[in-house]
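Could you walk me through how to read cavities, salt bridges and surface patches in a protein model? I would like the general idea and then the case at hand.

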Amino acid sequence: MNEVTELAYALDTFYFLLSGALVMFMAAGFSMLEAGLVRAKNTAEILTKNISLYSIACIMYLLCGYQIMYGGGEGFIPNFGVLIGADNEVADVLNGDAYYSNLSDFFFQVVFVATAMSIVSGAVAERMKLWSFLGFAVVMTGFIYPVQGFWKWGGGFLDAAGFQDFAGSGVVHMTGAAAALAGVILLGARKGKYGPNGEVKAIPGSNMPLATLGTFILWLGWFGFNGGSQLIVSNVLDANAVAAIFVNTNTAASGGAVAALLTARALFGKADLTMALNGGIAGLVAITAEPLMPSPLLATIIGAIGGVLVVFSIVGLDKLKIDDPVGAISAHGTVGIWGLLAVVLSNDAASIGGQLLGIISIFLWVFISAFIVWGILKAVVGIRVSEEEEYEGLDVGECGLEAYPEFTKTQ
């Protein structure tokens, strides 16, 4: 192995790890966004969920998830192995066959599965039992996510069918939204959210500066999410590709935020901050399926369409009495579907048929399997807190402390 190859290996490994660290920081973004959009009495509980789900995801993906997703297999059925290892990494490097450390790949992939589970957290906020949620996180991160991940990124049938999903509009974001939708349907809406005649009652979040900070953290982390998915950066072509991905990711988010703000102004007569925040996230989700091939202008348009869609989706779900406190199902699910379809606008290798196959397959697998797991949890231990606990707040009922004790004391 010559010095040039060793340097490329070291650079690509470092880039992979740095990208993974940026994606890991998205856990802080989800935590702050959700903490800002829930009521003060539920803040400590939502933060507990976020640090716990991240940790569970890391352990479950280590124990079995990574080996299910990348352990081989054919068609629909992956190999079900356990425990990640170095896999003769040193020998691969000496032979010049490795582009980067295998363990850096594991680290990069594990923060993706945690992102998918974070999407579920916000959608079921303010009325779900903490331990039921964490029980679902074990199954979601260890089994449900890795199986559909194998179908595309592990060489399964979706990859063979030509389904294109560069960084995970479907594999990560729509997956999280589908699992969240199943949980929300079984869980029901928060008390007081919908009136007897179908009217929708706003339940404002507790901290808009925190929600805005969370969105900016997610925006920053997304450069690792999309940019890291190029995998290597040690040659001219890949370095230029990473630069294009960064620019497209940034401009798509900008387009989404502006479009959502304008749409909210047209619909409600006001500049709705929460819609602008969700619009920025929607733009990021929309471009994630193909952040390399579009021109910056096309990326902006793709993001802007996502920003419009997320506003109408949030309003539409409320009309259906599907209560999602943070808009996660719309931003990651509805817009995730749009992002997958938008791939055909710039990637000649994609087809509408292949994209629809991926959308339908992933959604059905995740929604049905999640619905079954949620249903079992509901029957065995219950998934919803009591009406009294919901009224007093989950901070006290589930965590025994309050995030803002000076302002939310109940005694």
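The dialogue below takes these features in turn, for a model that is predicted.

Q: Where do I begin with empty space inside a protein, and how many cavities of 30 Å³ or more are there here?
A: Rolling a probe the size of a water molecule over the atoms shows where empty space is left. In this predicted model, the count comes to three cavities of 30 Å³ or more. The largest cavity holds about 70 Å³ of space. Its lining has 13 residues, and F30, L33, V326, A328 and H332 are the closest to its centre. Two or more lining residues come from each of α1 (3-37), α4 (102-123), α10 (273-288) and α12 (328-342). By class, seven residues of this lining are nonpolar, five polar and one charged.

Q: Thanks! Which elements give two or more residues to the lining of the second largest cavity?
A: That cavity has about 40 Å³ of space, and its lining includes V23, F30, Y54 and S118. The elements you ask about are α1 and α4, with α1 giving the most, five residues. Here the lining divides into eight nonpolar residues, two polar and no charged.

Q: Now salt bridges. How many does the structure hold, and what should I look at in each pair?
A: There are six salt bridges. For each pair, look at the N to O distance, the burial of the partners and their places in the chain. Take R190 and D323: their closest N and O atoms are 2.8 Å apart. R190 lies in the loop between α7 (169-187) and α8 (208-227), and D323 in the loop between α11 (296-319) and α12, so the pair ties together parts 133 residues apart in sequence. Both partners, R190 and D323, are buried. Through shared partners, salt bridges also join R39, E126, R190 and D323 into one network.

Q: Is K152, which pairs with D159, buried or exposed?
A: K152 counts as buried because its relative accessibility is 9%, under the 20% cut-off. D159 has a relative accessible area of 37%, so D159 is partly exposed. Their side chains meet at 3.1 Å, N to O.

Q: What does the salt bridge of E387 and K191 link?
A: At 4.0 Å, N to O, this pair links distant parts of the chain: E387 is in helix α14 (residues 387-392) and K191 in the loop between α7 and α8, 196 residues apart. E387 counts as exposed because its relative accessibility is 55%.

Q: Finally, which residues make the nonpolar surface patch?
A: I352, L356, I360, L364, I368, I372, I376, V380 and V381 make a patch of about 820 Å². One of them, V380, is in helix α13 (residues 352-380) and counts as exposed because its relative accessibility is 62%.

Conventions: Residues numbered from 1 in each chain as written. Predicted model: local features only at pLDDT ≥ 70, side-chain atom pairs only at ≥ 80, totals over all residues. Heavy atoms only, no water. Patch = residues over 30% accessible without salt bridge, like charges linked within 9 Å, V, L, I, M, F, W, Y side chains within 5 Å. Areas by Shrake-Rupley, 256 points an atom, 1.4 Å probe, with all protein chains shown as cover. Helix = DSSP H or I, 4+ residues; strand = E, 2+ residues; numbered from the N terminus. Buried < 20%, exposed > 50% of the residue type's maximum accessible area, 1.4 Å probe, protein only. 1 Å grid on protein atoms, 1.4 Å probe; cavity = no way out; pocket = protein on both sides within 12 Å on 5 of 7 lines; lining within 4 Å. Points joined across faces, edges and corners; volume = space filled by probe spheres on them. Nonpolar A, V, L, I, M, F, W, Y, C, P; charged D, E, K, R; others polar.
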